[in-house]
Each structure stands twice: as C-alpha cells, then as structure tokens.
Amino acid sequence: MFYEIRTYRLKNGAIPQYLKVVEEEGIEIQKSHLGTLVGYFFSEIGTINEIVHIWAFASLDDREARRQRLMADPRWQAFLPKIRDLIEVAENKIMKPANFSPRSEAH
C-alpha cells in the first residue's frame, strides 16, 4: 500500500471557500477515480491556511492510472479553476507504511 499525502497552503482566509467547493463538487469526482480517501484535513493550530488530504493506492501503477483517469475527466477539468487560484503552494509526497504501522493492514 502507498499513501499520497497532498498538502496545499491556501491564500489567507481561503479555507472556507476551498472546503465548500470541494465538498459540494470536487470530492465526489476525486473519489470516483482515486478510490480510498484516508482523510481530508485543514489546519487549526500550527501552520495556518493549510489543507492536507491523504489517498491510499495499492501500488504506484494503481496511483498513476487513477490520477490519469481523474485528469481526463471533463468534470474535473471544469472543477479545477474553482480551486486553482486559492492554492499558493502545493506539495505532494508518496509514503509507504512501516510493517508495524496500523494503516499498513487496514487496506
């Protein structure tokens, strides 16, 4: 199992708008292609204006195929402009759980 951890730093004050449009439109499109959503978070304490979402994939090939399908979906292409200008910095990590990690056996 591989986990993709996406972290976005948004413009100051943009979290409510970002979460609203993702909840109303974006998350269902993502889930229809990406599959297993581990969690979707926003910062409360610490680094402010930050969104983190984590997706689980069976393999890196699985991730690549799913992301390609997402990017090819016309609904996703129409949705992207609604969040693109709210994001200032984006970071992406691919993580693999240690053998003793509780998440390694959950999927």
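Here a trainee and a mentor talk through a predicted model, starting with its sheet.

Trainee: Okay, in what order do the 4 strands of the open sheet sit?

Mentor: Start with the pairings. Strand β3 (residues 50-57) is joined to β1 (residues 2-10) by 8 bridges and to β2 (residues 36-42) by 6 bridges. On top of that, β1 and β4 pair over 8 bridges. Put those together and the order reads β2-β3-β1-β4.

Trainee: And which strands stand at the edges?

Mentor: Look for strands with a single partner, so that one side is left without a neighbour in the sheet. That description fits β2 and β4 (87-95).

Trainee: How much does the sheet twist from one strand to the next?

Mentor: The pairing in this open sheet is antiparallel. Going from one strand to the next, the twist averages 15 degrees.

Trainee: Let's zoom in on β3: what is the bridge partner of R6 there?

Mentor: β1 and β3 run antiparallel, and R6 has its partner in β3. On the β2 side, F41 is matched with V52 of β3. For R6, the partner is H53.

Trainee: How many of the 8 residues in β3 are buried?

Mentor: A residue counts as buried when its relative accessible area is under 20%. By that rule β3 is mostly covered, and the number of buried residues is 7.

Trainee: Is Y8 buried or exposed?

Mentor: Y8 is found in strand β1, and its bridge partner in β4 is A90. Leaving aside residues up to four places away in sequence, Y8 touches several others, including Y18, N49, H53 and V89. Its relative accessibility is 10%, so Y8 counts as buried.

Trainee: How far is the C-alpha atom of Y8 from that of F79?

Mentor: Along the chain, Y8 and F79 are 71 residues apart. In space, their C-alpha atoms are separated by 17 Å.

Trainee: N49 came up just now; what is its phi near?

Mentor: Most residues other than glycine have a negative phi. N49, in the loop between β2 and β3, is a residue other than glycine with a positive value. N49 is also buried, at a relative accessible area of 14%. Its phi is near 60 degrees.

Trainee: On to the helices: are α1 and α2 parallel, antiparallel, perpendicular or oblique to each other?

Mentor: Helix α1 (residues 15-34) and helix α2 (residues 60-72) pack at about 140 degrees, with axes 8 Å apart. Roughly antiparallel needs an angle over 145, and roughly perpendicular covers 65 to 115. The angle fits neither of those, and therefore α1 and α2 are oblique.

Trainee: Which residues of α2 make the contact with α1?

Mentor: The crossing of the two helices is right-handed. From α1, the contact uses I29, Q30, H33 and L34. By class, the contact has 3 nonpolar, 2 polar and 3 charged residues. On the α2 side, they are R66, R67, R69 and L70.

Trainee: Which strands does α2 touch?

Mentor: For α1, the answer is β1, β2, β3 and β4, with the helix running at about 10 degrees to β3. α2 also packs on the sheet, and its direction makes about 50 degrees with that of β1. The strands α2 touches are β1, β3 and β4.

Trainee: Last one: how far apart in space are L80 and V22, C-alpha to C-alpha?

Mentor: L80 sits in the loop between α3 (74-79) and α4 (81-84), and at 12% relative accessibility it counts as buried. L80 and V22 are 58 residues apart in sequence. In space, C-alpha to C-alpha, they are 9.9 Å apart.

How values were computed. Residues numbered from 1 in each chain as written. Predicted model: local features only at pLDDT ≥ 70, side-chain atom pairs only at ≥ 80, totals over all residues. Heavy atoms only, no water. Axes fitted to C-alpha atoms, helices over the stretch in contact; angles between N-to-C directions. Parallel < 35°, antiparallel > 145°, perpendicular 65-115°, else oblique. Left-handed = near helix turned anticlockwise from the far one by under 90°. Contact = heavy atoms within 4.5 Å. Nonpolar A, V, L, I, M, F, W, Y, C, P; charged D, E, K, R; others polar. Buried < 20%, exposed > 50% of the residue type's maximum accessible area, 1.4 Å probe, protein only. Pairing = 2+ DSSP bridges.
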